[in-house]
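Here's a quick tour of some helix packing and some internal empty space. Have the coordinates open in your viewer while you read.

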Amino acid sequence: MGENNGLHYEGLEGGTPRMENFRKVSVLPLIFLIFYEVSGGPFGVEDTVNAAGPFLALMGFLVFPFIWSIPEALITAEMGTMFPEDGGYVIWVSSALGSYWGFQQGWMKWLSGVIDNALYPVLFLDYLKSAIPALEGGWPRIIAILILTVALTYMNFRGLTIVGWVAVLLGVFSLLPFVVMGFVSIPKLKPSRWFVVNIHNVDWGLYLNTLFWNLNYWDSISTLVGEVHEPKKTLPKALFYALILVVSGYFFPLLIGTGATKLDREMWTDGYFSDVAKMIAGTWLRWWVQGAAAMSNMGLFVAEMSSDSFQLLGMAERGMLPEFFSRRSRYGTPLVGILFSASGVVLLSWLSFQEIVAAENFLYCFGMILEFVAFIRLRMKYPRAVRPYKIPVGTVGAVLLCIPPTALIVVVLYLASLKVMGISLAAVLIGLVLQPCLKYIEKRRWLRFSTKSDLPDFKPAESESSDSEPE
């Protein structure tokens, strides 16, 4: 777990002065914040059945976590406890590869998160349009998206502790109808339906993108670790329980839905679980599932907004963004970061569901490559650094841990459409230019940049400092 005479992370006891009066997030709200960063329930997994049939859909949510979710969660636990401050993966990459690449990481991950968040107001209305047909299109839909975005943004403004406990309540409400559905469906289950597969009729692009979208973003919680109570103990524990909750929340509803109803692959698209509920138990359960889906999208929005806005705050405290991004509201929340992220959500809400998923996956893949490189480089460069939680493998094991998810990244990038690839690469190029532009603005003093004086710092022991200074 590291030696005390190795590298250590120094900071003020109890957090920075500005945060002493704000409550920190405890383990239960943190579990549900991670749950909503990653999942939010089984809403959105229907396309795996549409793309590949029941057997591959079920196997995907059993096998994929070992390829992607578990390695990403383990790396987040190690790096998040090693660098317990807001900014998360931006700080990891900066410490390993320098501030230029740290900025690129922040740009790609923030943009990916905002694209992702643009999806949730749209999905919220999609689940309600069967009851309120006016929400299907036109000005009523646009106005509803704006009102919903403003309302949920205000919730983020009021404080992360409130967001955390709201996530707990929304999570229980969103998962409970599937527990009921499971008991009601028992007489109707036919196990033979689970093994239906046609390997020659699989849309691999849709299948892998849907799995990837539903099982990634474990690292997003790292951007607000500075707001967590005793993060060195709380973060690994919360990630462990959240992993169980996420996988169970996908697998068992799929098991129920595919086993208790006749298969019609074409019908398995977004929102189909509400139809499954009606077939199994009646209209009352359908309404409950629709309400749960709508509430789940609210939880997904506020969790992602928290991560995105605290990331911008962490970057500003490290001098990567103008100082005004580090300003907090009287509730301790990053005011400018929230407004900036909300504006991005509104501007990107015109994209279709499939385009949003593919574009965010593409950008997210680039960011994850930088994370894996940073993780391995820090293991090699600072092997004796104090790691409150350390994955029990050496350097070779760390490399091997990153190989399966990296292979998956290559596949996801290969399957991207030319349109998505073009838009995403253009976004990457903007980031490559944006950082030097901000440095020029700082040099000319057009905007104020500053680094917090009381930030934790990553310091080498004297015996190592001459050989490997941190960048």
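## Ground rules

For the residue classes used here, Ala, Val, Leu, Ile, Met, Phe, Trp, Tyr, Cys and Pro count as nonpolar, Asp, Glu, Lys and Arg as charged, and the others, Gly among them, as polar. With that scheme, the lining of the largest cavity comes out at seven nonpolar, three polar and two charged residues. Keep in mind that this is a predicted model.

## The largest cavity

Let's start with the holes. Rolling a probe the size of a water molecule over the atoms shows where empty space is left. The structure turns out to hold two cavities of 30 Å³ or more, and the largest has a volume of about 80 Å³.

Which residues line the largest cavity? They are Tyr36, Glu37, Val38, Ser39, Phe43, Asp116, Tyr120, Trp213, Asn214, Asn216, Tyr217 and Leu300. Helix H1 (27–38) and helix H8 (204–215) each put at least two residues into this lining. H1 has the largest share of the lining, with three residues.

## The second largest cavity

The runner-up has a volume of about 30 Å³. Around the second largest cavity you'll find Asn156, Gly159, Leu160, Ser306, Ser309, Phe310, Thr333 and Ile338. Helix H11 (residues 283–317) provides the largest share of that lining, three residues.

What about the chemistry of the second lining? By class, there are three nonpolar, five polar and no charged residues.

## H6 against H12

Two residues from that second lining, Asn156 and Ile338, also turn up where helix H6 meets helix H12. H6 (residues 138–157) packs against H12 at an angle of about 160 degrees, and their axes are 10 Å apart. Since angles over 145 degrees count as roughly antiparallel, H6 is therefore roughly antiparallel to H12. The two helices cross in a right-handed sense.

On the H6 side, the contact uses Leu146, Thr149, Thr153, Asn156 and Phe157, while H12 brings Leu335, Ile338, Ala342, Val345 and Val346. Sorted by class, the residues of this contact are seven nonpolar, three polar and no charged.

## Val336 in H12

H12 spans residues 335–348, and Val336 is part of that helix. Which residues does Val336 touch, leaving out those up to four places away in sequence? Phe324, Phe325 and Arg327. For Phe324, twelve residues from Val336 along the chain, the C-alpha atoms of the pair are 7.0 Å apart.

## H7 against H9

Next up is helix H7 (residues 160–185), which packs on helix H9 (residues 231–260) at about 40 degrees, with 10 Å between the axes. That angle makes H7 oblique to H9. H7 goes past H9 in a left-handed crossing.

From H7, the residues in the contact are Leu175, Phe178, Met181, Gly182 and Ser185, and they meet Leu245, Gly249, Pro253, Ile256 and Ala260 from H9. The class tally for H7 with H9 is seven nonpolar, three polar and no charged residues.

## H4 against H15

Last pair: helix H4 (residues 99–117) and helix H15 (residues 418–444), whose axes come within 9 Å and cross at roughly 130 degrees. So H4 is oblique to H15. Left-handed or right-handed, this crossing of H4 and H15? It is right-handed.

H4 makes the contact through Tyr100, Trp101, Phe103, Gln104, Trp107, Met108 and Leu111, and H15 through Ala427, Val428, Ile430, Gly431, Leu432, Leu434, Gln435, Pro436 and Leu438. That gives 13 nonpolar, three polar and no charged residues in the contact of H4 with H15.

Definitions and conventions
Residues are numbered from 1 along each chain as its sequence is written. This is a predicted model: local features need pLDDT of at least 70, side-chain atom pairs count only at pLDDT 80 or more; totals for chains, interfaces and linings use all residues. Side-chain values use heavy atoms; hydrogens and water are left out. Axes are lines fitted to C-alpha atoms, for helices over the stretch in contact, and angles run from 0 to 180 degrees between N-to-C directions. Helices (H or I, at least four residues) and strands (E, at least two) are DSSP runs, numbered from the N terminus. Angles under 35 degrees count as roughly parallel, over 145 as roughly antiparallel, 65 to 115 as roughly perpendicular and the rest as oblique. A crossing is left-handed if the near helix is turned anticlockwise from the far one by less than a right angle, and right-handed if clockwise. Contact means heavy atoms within 4.5 Å. On a 1 Å grid over the protein atoms alone, a cavity is a set of points where a 1.4 Å probe fits but cannot get out, and a pocket is an open set with protein on both sides within 12 Å along at least five of seven lines; lining residues have an atom within 4 Å of a point. Grid points are joined across faces, edges and corners, and a volume is the space filled by probe spheres set on the points.
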